[in-house]
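Hi everyone, thanks for coming. I'll walk you through one protein today, so take a moment to look at the sequence and the structure.

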Amino acid sequence: MTDARGSDSRIGETNARRAPGTPCWVSLMVHGPAATHDFYGALFGWDFRPGPQQLGPYARALLDGREVAGIGQLPPDRQLPTAWTPYFASDDVNRTAETVRLCGGTVGVGPLDAGEAGRMALGSDPAGAVFGIWQAAAHLGTAVTGVPGTPAWNELLTYETASVAKFYETVFGFELVPETSTDRDHVTLRLAGRPVAGIHGVGDTLPRDRGPHWMTYFEVADTDEAVQRLVDLGGHVLDPARDTPHGRAATVADPEGARFTLLHAER
């Protein structure tokens, strides 16, 4: 992980259209949306309202009336793992999806219209990590950052960074900044000189049931208090709260097993 404030270090509303490649939304597909709404509502203070239904029942999570994330329902006949998925902005989702294919990735869903909200696709990189592509229309993405209950950062956990970083560089135009001060295999993804996401090569320590995957960090006011609340709500602690150069963080999972990180960022 690098600067966890990278996608937008300003605190407040972010209603502008994002530059291509910018992480602009996070979405979770689950088997039991009602219970998931209750869990995240109690953990982060979210409320919910219906969103586009092109992929089945879908709701947008609101924090003080502003959209921060989405939760949809997986088809009941498909036992897919639940996971938070980041969406990256695109001016032309069809062109971006074709670039994904040409660079060795896979497009599993779309491109398709999501009502008046915009146009989307779901893809995976050559190592298998799933991500979304979003071409905004009425829905520009996450409307507020930098406060508790909002996405703070996205980090790809994969086997090694070299080949997969080149994929994201070509598809989204990122500048790749390898970490040279330590022995860690880590690359920061930058747009216009600003860090927006990270890639961390962790070799064989990846969870066998997950493989390469994107990890979403959510801002909290107090990491230890948020971890205790999560446990009381039926969540699980995967990596206990620890101090990092960027704040106090804990890696956790919701009751359906979706992994994410709670972070109280240093500012």
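Let's begin with confidence: the average pLDDT (the predictor's confidence in each residue, from 0 to 100) is 91 for the protein, and 93% of the residues score at least 70. That's a predicted model, then, where local features need pLDDT of at least 70, side-chain atom pairs count only at pLDDT 80 or more, and totals for chains, interfaces and linings use all residues. Residues are numbered from 1 along each chain as its sequence is written, and side-chain values use heavy atoms, with hydrogens and water left out.

One stretch to treat with care is residues 2-11, where pLDDT stays under 50. The model has 33 contacts (heavy atoms within 4.5 Å) beyond four places in sequence for those residues.

Now the overall picture. There are 4 helices and 18 strands in the protein; these are DSSP runs numbered from the N terminus, with helices being H or I and at least four residues, and strands being E and at least two. The radius of gyration, taken over C-alpha atoms, is 17 Å, close to the 18 Å from the globule rule for 267 residues, so the protein is as compact as a globular protein of that length. That rule is 2.2 Å times the number of residues to the power 0.38. Buried residues (under 20% relative accessible area with a 1.4 Å probe, protein chains only) make up 52% of the 267.

On to the sheet. Which order do its strands take? It's an open sheet of 8 with mixed pairing, and the order is β12-β13-β14-β11-β15-β18-β17-β16. At the edges sit β12 (175-178) and β16 (236-244), each pairing on one side only. To count as a pair, two strands need at least two bridges found by DSSP. Strands β11 (residues 151-158) and β15 (residues 213-219) have 6 bridges and run antiparallel; one partnership there is L157 with H213 in β15.

Two helices lie across this sheet's strands. Helix α4 (residues 223-232) lies across β16, β17 and β18, at about 10 degrees to β17. Helix α1 (residues 33-44) lies across β15 and β18, at about 10 degrees to β18. Those angles run from 0 to 180 degrees between N-to-C directions, with axes fitted to C-alpha atoms, for helices over the stretch in contact.

Which residues of α1 are buried? They are P33, T36, H37, F39, Y40, G41, L43 and F44. Right after α1 comes G45, with a positive phi near 80 degrees.

Key: Buried < 20%, exposed > 50% of the residue type's maximum accessible area, 1.4 Å probe, protein only.
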